[in-house]
Amino acid sequence: MELLHSATFPSKQKLLIVVTIATALFTIIPLLYPFLEDPNFFLKQQPPSQSSIIKLQNPLVASHDGCDIFSGEWVPNPDAPYYTNTTCWAIHEHQNCMKFGRPDTDFFMWKWKPYGCVDGLPVFDPFRFLETVRGKTMAFVGDSVSRNHMQSLICLLSQVEYPVDASVNDDDYFKRWAYETYNFTIAVFWTPHLVKSIEPGQTHPKNTDIFDLYLDEADETWTADIGDFDYVIISSGHWHYRPSVYYENQTIIGCHYCQLPNITDLTMFYGYRKAFRTALKAIVDSKTFKGVMYLRTFAPSHFEGGLWNEGGDCLRKQPYKNDEAQDDTTRKLHKIQLEEFWRAEEEAKKKGKRLRLLDTTQAMWLRPDGHPSRYGHMPEANVTLYNDCVHWCLPGPIDNLNDFLLAMLKREDKGLLAQVRKMLS
């Protein structure tokens, strides 16, 4: 859309582009009319792979001006889940809570209800999602919670189609999956800090738990490839808790809990802010990325009774009430993300780049009941994170992140149509 706003572009060519877009839209929309009006249209045409668990929902998406889909409450959803741990192969063992004996099931039978949204927030519709992203590409960029989110999406889409492995190498941290019927590709990029990092032990041999973070250098493992994608969803959080030495301009400027001599502890909040500032700047400055970037905000953990390595656990069986305040660290990390997003968004607008906010922190904060806890492994297993209160069970609350994602994708489409109509008027 940059061309449509260019003041230097010849007016005749402007008109030609507008007419071409309008013709394409008016040609395509009638063809799509049956399923736009009836989300079960394709369901009637062909049997899905998991027909016994398909429950398509209201096709409307909250799109009214002033309607904040991220402010709301969790309400019961007796129709859930929309897949199971036996119908989806994408679930990693440590999120397969039912396999390892979790006795309760209420944790996946909730949905998000925004305040003041006439249309609400429809539960994820896999047919509508795949039609929306037909011919597109989507990348999840971040840590293991980002991968958890991507796995949830694959499981929800398994009601319609299973993807084929389209990875360019054998590295499980950089996978690509193709939905051949829809010409849609999902990719995941492992980059837990978003910026360049060096694993512990390589530069500080006596301190095997300290990372080196280059806060002013975005991680090229993802920035080099984002031009291939129409949608990029970035997120990061829990790895920033770990001890780290901070570099800027290739020089040590401080650290977080490194306990090394003559190095100032700047706290994790300093590193977190700089990492997001660098990552967002890389997207805004990218000469190849022409798509939409979504910042999915911090998904908090819920350890109670101690830290992760001090016997902390998450044993609650229901969501928090809405008056349950976020812990201080979650609140600060979320605030940093919002401030850095707004900062980057101003620059993005000047360059015609599209940055969007998936502000899901409050919704996920209210779900202390949805983590694996001790049900992410066999009881006798010797694992580092014995009680997992960081990741999310599948099925579980993280599935609702894709309700938000689809709503945002539909808003994007509606915004494009409104823009074309305005130009034609």
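# A walk from the closed cavity to the open pocket

Start by selecting β2 (110–114) and α10 (400–424): each of these elements supplies at least two residues of the lining of the largest cavity. Helices (H or I, at least four residues) and strands (E, at least two) are DSSP runs, numbered from the N terminus. What you have open is a predicted model, so local features need pLDDT of at least 70 and side-chain atom pairs count only at pLDDT 80 or more, while totals for chains, interfaces and linings use all residues. Residues are numbered from 1 along each chain as its sequence is written, and side-chain values use heavy atoms, leaving out hydrogens and water.

**Stop 1: the largest cavity**

Now pick Ala 80, Tyr 82, Trp 110, Asp 399 and Asn 400, which lie nearest the centre of the largest cavity, out of 19 lining residues. (On a 1 Å grid over the protein atoms alone, a 1.4 Å probe fits in a cavity but cannot get out; a pocket is an open set with protein on both sides within 12 Å along at least five of seven lines; lining residues have an atom within 4 Å of a point.) Colour the cavity lining by class and you get twelve nonpolar, three polar and four charged residues.

**Stop 2: the seven-stranded sheet**

Next, show the strands in the order β4-β5-β6-β3-β9-β12-β13: these seven form an open sheet with mixed pairing. Which strands stand at the edges? They are β4 (164–165) and β13, and each has a single partner strand, so one side of each is left without a neighbour in the sheet.

Zoom to one end of that order. Here β12 (residues 292–296) runs parallel to β13 (residues 354–358), paired over five bridges; pairing takes at least two DSSP bridges. Label Met 293 and you'll find Leu 355 of β13 standing opposite.

Add the helices. α8 lies across β12 and β13, at about 160° to β13. Contact here means heavy atoms within 4.5 Å, and angles run from 0 to 180 degrees between N-to-C directions of axes fitted to C-alpha atoms, for helices over the stretch in contact. Then bring up α7 (residues 268–285), which lies across β9 (231–234), β12 and β13 and runs at about 165° to β12.

**Stop 3: the four-stranded sheet**

Keep α7 on screen, since this helix also lies across β7, β8, β10 and β11, at about 40° to β8. Those four strands make an open sheet in the order β7-β8-β10-β11, again with mixed pairing. β7 (195–198) and β11 (251–256) are the edge strands here; each has a single partner strand, so one side of each is left without a neighbour in the sheet. From one strand to the next, the twist averages 30°.

For a closer look, select β8 (residues 211–218) and β10 (residues 244–248), a parallel pair joined by four bridges. Tyr 214 stands opposite Tyr 247 in β10.

**Stop 4: the second largest pocket**

Finally, select His 238, Phe 303, Trp 308, Leu 385 and Val 390: of the 36 residues lining the second largest pocket, these lie nearest its centre. Which helices each supply at least two residues of this lining? Show α5 (144–157) and α8, the latter familiar from Stop 2. The largest share, three residues, comes from α5. Recolour by class: this pocket's lining has 16 nonpolar, 13 polar and seven charged residues. (Ala, Val, Leu, Ile, Met, Phe, Trp, Tyr, Cys and Pro count as nonpolar, Asp, Glu, Lys and Arg as charged, the others, Gly among them, as polar.)
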